[in-house]
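Work through the exercises below with the sequence and the model side by side, and try each task before reading its solution.

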Amino acid sequence: MCPPQSPGGHTGPPLRVGASLDQWPPPDRTIDLLRFARDHPEHSAFATLTAAQVLALALLAAVVTAAAMWNWVATLLVANAAAIIFYLVHIGYKFHVAWLSLERGVEFNPSTEAMASIPDGELPTYTILVPLFHEAEVLDRLVRGLQALDYPAGKLDIQLLLEEEDTETIAAARKLTLPSQFRCVVVPDGQPRGKPRACNYGLALSEADLLVIYDAEDRPEPDQLRKAAAAFREAPPDIACLQARLNYLNQRQNLLTRWFTQEYSTWFDLFLPGLTVSGAPVPLGGTSNHFRVSVLKELMGWDPFNVTEDCDLGIRLHARGHRTAMLHSTTWEEANSALLNWIRQRSRWAKGYIQTYLVYMRNPFATLRALGLRGFWGFQMTIGGSIACFLLNPIYWSMTALWFASHWWVISAMFPPAIFGLGLICGFIGNFVFVYLAVAGVMQRGYHDLAKYAVLTPVYWLLMSLGAYKGLLQLFTRPHYWEKTQHGLFEEA
Amino acid sequence: MASAEALAPLAEPKPLAPSRLESVVVFVLAAAFVALVGALAVTQNAVDWRALAAVSHAVDVLRQEDSVNLALIGFVEPPLPSLLQLPFAWLMPGLASAGQTVWMLGAIVAGLTLYMLNAACAYLGLGRAFRWAFCTLVLLNPVFLGLMATGVPDGLYVFLLLGAGWALLRWQHREALRDLIGCSLFLGLATITRYDALIPVIVATLVITTQTLRTAGRWSKLEGTLITFLLPIVYIAGLWVLANLLIMGDAWYFWRAAWRAEPTLFGQVTAQQAVVGSVLALAPLLAATWWAFWGGASGRPRLAAGPALMLLSPAAAVLVAPGWFRPWLARAAETDLPLLPAPDLFAPLLAATLLLSAAALGDVVPLFSRKSYAKEVCLAGGAVLLAVGCLFTLGGEERIYVDPRPAFVGLPFGADNASATKAVAARLQAEDPKGTLIVAGWPGYAVTLYAGRAKDKVLFPDASPPADVGGLHADGGLLVRYELSILEAGVARDKWEKALGVRLTYDDWWGGGWMHYRMEESP
């Protein structure tokens, strides 16, 4: 069924392991899946806060408390002024980046001719990592989707990464008859359980030139691998990662998926291309990021303790002098259509962003040196700024409601005229900018009928804030817990 | 980053654009030239009252009360010019009070306009030599120079309409989202610069609708495109309506107030008449513009040249020879027809003319490109004609042409003389009334601005006393009042005495039409 065979140009052991049950290799427990965290604890989210960070936060809390005891209204005023100035800067940055994308947003988009000009024998070998955890129900569809990829089977090493303790998915996988380019890889059980750890295992087994990650429900465009291979061939060597756009199959399933689609369209079609132009680090999306394997191994893969390991890796790539670019190809995913499921997913993202921010702010000067001024600024705005917005928003919404309800004097005191003026700009211009970016995102993507739903986007922001607060709380209770997103809620997905 | 084949832009291939250095040079030269003319104009007491009103509102926001109060932005004039004057008034209060900041804003706007025009010309395929010649002619156009050097809000309107038109033109060529957004933002800002910007908004909406239906034919695309285009405009205009509701208690206060009769050069004219006149005059012009754009969108861009050139002649005529229209305006005023407010037309005409000139030339020039020297001859001829048109077009009454030269001695086209107002303000500076200082009549704001009386004054735009004037602390105060006619001075004084409940004593100083009274307790 699966004759071991080296793909063209590949000199290592066979890439294709095959699919029959007896050919499944046992989990290799000698592979150190936590190597990155062990070798570089300063860049791992294993510890949420370092002692220095705890001290700095305690000091800040002490100063704020002392100031509040001295004059609590003035303290609130200063905090308010700082928050409003932050909002203004953040709004300006987001708009600037989106505009950069509209103005000179570029992405790798090799033509059909350019792709066809590379003979199959000269195509690089490709590892596809598909981490699976309780995904038995989507397995069949996943395999069919991956089979549709237009890439020579002999050059492919598709690893279905199964967690050792996930007997249900393993059992489902055993029932499948897989083509030769697939192999089922059982990841040895251990902690912290989650996608980055499984990917590290897959990376250790990979001997290909390029590597990409897909989630269980992903449907990449069939020519995505060829496109990425052609793009890497043209790209300068410092481009270590190509991020394909992500979007949703079930955009119009319900209001939540419409908003989610708006958000993804804005993020992947407007914001990330703008970031690549601006020279800032790119927080990678969870899937469809294509890497040069050599670079990934040099970086020791993913941090298994970071629940947004993709975001962390994007920053780390930039810090090590590599760059990420966008690939003009879409991977279709299933948008989370159930509210609670959505909040779980969002809380993990928020927790991971906070983890990443804290990791790189352990030594801000080192981060500044590594990322450069523009990169550091982009990191502050993209990672720190996004989370800060989600956490601050409910406070300001509550203050606004309270003021209209009671005209409480403290709120008036927090807004002397100059701050009030800036606050008005935030309120009236800032909110509009974000709503309008949502419109621009769906228009850029071509979902014209979704533009009208952007008007209701502020309700979606409320949900995002809920997720952010849940993530923040969980950071202190279960920092490395991986909130599993349930897939398969959309029938046609 | 990578080879050209691999790295494809999201939109169409990048169009021709001037270099960054060239753009900066154009901006700096244009701004410096207008600043020079504007500064010179101030020394000659040449002003535009509407520009000064914007400065006055900005000063009021910052200084009329102990703290900054945006509610004092004024709710009759559109707010954007005043908002743009805020940083100047904040950073340079002395210069703002002297009316110097009008030309500063005007210079920046002029620089941006020429910067954009130069880029538009490059986009439309015109070479650098021609672009510079064209920009120089525009800069020397007396109407353009007058608007910019005096800082009149219409200059800003020219810039915004030009930006919107250029963005729309590019959108027609490549349907890039950024052009649609750019057009929308420019027009959104235009609605709070001049209220009749509603008309170009309608025209642009028609253009966008036509093209979208023609190219896509899908309702959903039209819906999304129109939402993207109209959302900023509706939002910006909506904010202004909301501000009127929250602060003035009437969502349409700005509109109702604008319908009040105001004294003008031609006598009393209501804004209603002005708007009707404006719409009547603009409709054919904008219809032609739409036609030109539609022609451009039809896939045969050279068709745009025909309508554009048709449009150019009347537009250019109004631009270069406003004197032509003066007799007609005067007749219109006498016969109580809707009055055409000629100065209001300058801005849209100028913007449309500049853009369509560039478009038409960009269309026409390539037709001759195969013939040796034909292109140069054509361009040179066009430039000479434009120059001659600017300088020597015959006009009506005593004016035989719009002469740009007075601008170089501090008298730009369209400016009024503020000598008398400044003289009254200088006298007022020395006064320290115990009661209220009332300034009645238009432009009273200029008197108080020049006098540095942002705080302790009450302004009435009309020379007649309003109904609620009785509540003021009049005893010991001063009344500075503009007399429309010396014959009515006595009657007006009686009215004010009755309304205020005081005795008015005519003081021995006055300037222009401004009379000065001291208010004393009635015997």
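The exercises that follow deal with one sheet and with several salt bridges.

This is a predicted model, in which local features need pLDDT of at least 70 and side-chain atom pairs count only at pLDDT 80 or more, while totals for chains, interfaces and linings use all residues. Residues are numbered from 1 along each chain as its sequence is written, chains are lettered from A and ligands numbered from 1 in the order in which they are written, and side-chain values use heavy atoms, with hydrogens and water left out.

**Exercise 1.** Find the order of the strands in the open sheet of five strands in chain B, and state which strands stand at the edges.

Solution. Begin with the definitions: strands are DSSP runs of E with at least two residues, helices are runs of H or I with at least four, and both are numbered from the N terminus; two strands pair if DSSP finds at least two bridges between them. Reading across the sheet of chain B then gives S7-S6-S8-S10-S9, with mixed pairing. Strand S7 (458-460) and strand S9 (502-506) of chain B each have a single partner strand, so one side of each has no neighbour in the sheet.

**Exercise 2.** Describe how strand S8 of chain B is joined to strand S10 of chain B.

Solution. Strand S8 (residues 478-482) and strand S10 (residues 514-521) of chain B run antiparallel and are joined by five bridges. Within this pairing, Val480(B) has His516(B) in S10(B) as its bridge partner.

**Exercise 3.** Is Arg226(A), which forms a salt bridge with Asp150(A), buried or exposed?

Solution. A salt bridge requires a side-chain nitrogen of Lys or Arg within 4 Å of a carboxyl oxygen of Asp or Glu, and the closest N and O atoms of Arg226(A) and Asp150(A) are 3.1 Å apart. The two residues are 76 residues apart, Arg226(A) lying in helix H7 and Asp150(A) in the loop between H4 and strand S3 of chain A. Buried means under 20% relative accessible area, exposed over 50% and partly exposed in between (1.4 Å probe, protein chains only). At 14%, Arg226(A) is therefore buried, whereas Asp150(A), at 37%, is partly exposed.

**Exercise 4.** Which parts of chain B does the salt bridge between Glu175(B) and Lys221(B) tie together?

Solution. The closest N and O atoms of this pair are 3.2 Å apart. Glu175(B) lies in the loop between helix H8 and helix H9 and Lys221(B) in helix H11 of chain B, so the pair ties together parts that are 46 residues apart in sequence.
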